[in-house]
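Biologist: Could you take me through one part of this assembly in detail, the place where two neighbouring chains meet? I'd like the contacts spelled out, with the cut-offs behind them.

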Amino acid sequence: MKSYRRELWFEVSSRRGLINITPQVQDAIRESGVKEGLVLVNAMHITASVFINDDERGLHQDFEVWLEKLAPELPYSQYQHNGAENNGDAHLKRTIMGREVVVAITEGKLDFGPWEQIFYGEFDGQRRKRVLIKVIGE
Amino acid sequence: MKSYRRELWFEVSSRRGLINITPQVQDAIRESGVKEGLVLVNAMHITASVFINDDERGLHQDFEVWLEKLAPELPYSQYQHNGAENNGDAHLKRTIMGREVVVAITEGKLDFGPWEQIFYGEFDGQRRKRVLIKVIGE
Amino acid sequence: MKSYRRELWFEVSSRRGLINITPQVQDAIRESGVKEGLVLVNAMHITASVFINDDERGLHQDFEVWLEKLAPELPYSQYQHNGAENNGDAHLKRTIMGREVVVAITEGKLDFGPWEQIFYGEFDGQRRKRVLIKVIGE
């Protein structure tokens, strides 16, 4: 069994943002040499997500509006977690969007449906944060 | 290490529906010959889910009502994603329910608690769509 | 390829509660002898979760308030699932929080960011319930 590890680093200049990381994940798989296996891609921070959906600008605006409805940023005082920090909403938003994805590797590639793309979802940006890619297989 | 891949195809006749796919996943594991490992089961489309919960009709009605409350289908105009399509709500519903499950394989079987069942969740049906099963192990 | 399996048992004395299970997962990895691989940690019951977030008391109170807003326990009559049971809300709360996590194992340890901790989330307690840990790798 082979295994391979890579970190991706991000510094999103706004509080929230979505970044398509599919090419970086595909590149990590290529470098791993794994032809059949699984790849785990996860946020290493608890106010960020990795998820799979469509790379469509309107949808990304819908996610922003929807997450603000389900877990509003303001007022900060609504969250017990806030005080030293003000990112209570980001922990909840990341819970909705998910920490990680696991994707099949088949014939050395991401085994994807027609519109699947992997995104890093930042909900408490303006600092350096990481994503982990771990590949296992043969 | 062994690996095995199978696709399941669905065409749900309504916009939304839940289908128990546990027998098909168990059958794929049997055919893979894997006794100890992991199985990934994921929707290959971004308006559908694979998730684990109870096969109980009342609960499935509760999911329908609840998802319509958290991410209503109508009015279509509330979503920027809608226009050429009208499935903005389906992308959000699938986000709540999840894209994938990873299940342990032990002694050649799904290593499940007493009530766990695997479902395909369709949120934008009336077209042919796929689920991927990927088994790895020995 | 090595594989290893362990169950954790819980009996939470209240209806809802969160338990940090990171040390038990790390101990299972150590006992497995796996240095590079993946660990799956999942609730074996459909009214409980395994998720990763911060071990911070204020945040845990925020989760309680937030889940009660998104999927209230009362009135029981709002859920078709209730009748013989009254845990309809627990199925929905677990859906938000997630069934499982998959974590990378690197050099024999959980490959974690600075604040990641694994929790068992109980939403229908006062009975004995289980979590499954499955390790695969080499």
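Modeller: Here's a walk through the chain B and chain A interface, followed by the next interface along and a few local features.

A bit of housekeeping: this is a predicted model, where local features need pLDDT of at least 70, side-chain atom pairs count only at pLDDT 80 or more, and totals for chains, interfaces and linings use all residues. Residues are numbered from 1 along each chain as its sequence is written, chains are lettered from A and ligands numbered from 1 in the order in which they are written, and side-chain values use heavy atoms, with hydrogens and water left out.

On to the interface. Chain B puts 27 residues in contact with 33 residues of chain A, contact being heavy atoms within 4.5 Å. The size of an interface is often given as the accessible area lost when the parts come together. Between chain B and chain A, the buried area is about 2,500 Å², and carbon and sulfur atoms give 60% of it; that's the accessible area (1.4 Å probe) that two parts lose on being put together, summed over both.

For charges, there are 3 salt bridges between chain B and chain A, each needing a side-chain nitrogen of Lys or Arg within 4 Å of a carboxyl oxygen of Asp or Glu. One of them joins A:Glu36 and B:Lys134 at 2.6 Å, N to O. You also get 14 residue pairs in polar contact, both at pLDDT 80 or more. That term means a pair of N or O atoms within 3.5 Å; within protein, one must be able to donate a hydrogen and the other to accept it, and residues adjacent in sequence count only if both atoms are side-chain atoms.

So which elements of chain B give two or more residues to the side that touches chain A? They are strand 1 (2-11), strand 3 (37-43), helix 3 (88-97), strand 5 (100-106) and strand 8 (128-137). Helices (H or I, at least four residues) and strands (E, at least two) are DSSP runs, numbered from the N terminus. Helix 3 of chain B gives the most, with 5 residues. By type, that side of chain B divides into 13 nonpolar, 8 polar and 6 charged residues. Here Ala, Val, Leu, Ile, Met, Phe, Trp, Tyr, Cys and Pro count as nonpolar, Asp, Glu, Lys and Arg as charged, and the others, Gly among them, as polar.

Now the next interface. Chain C brings 27 residues and chain B 33 residues to their contact, with about 2,500 Å² buried and 3 salt bridges. One of these pairs C:Arg5 with B:Asp111 at 2.5 Å, N to O. As for how the copies relate, a rotation of 120° with 0.0 Å of shift along its axis superposes chain C on chain B (RMSD 0.0 Å), by least squares on the C-alpha atoms of residues with pLDDT of at least 70 in both. The two copies are thus related as by a three-fold rotation axis.

Finally, some backbone details. A cis peptide bond joins B:Leu74 and B:Pro75, with omega about -5°, and B:Pro75 sits in the loop between helix 2 and helix 3 of chain B. In chain C, the bond from C:Leu74 to C:Pro75 is cis, with omega near -5°. Over in chain A, A:Gln126 has a positive phi of about 65° although it isn't a glycine; A:Gln126 lies in the loop between strand 7 (117-122) and strand 8 (128-137).
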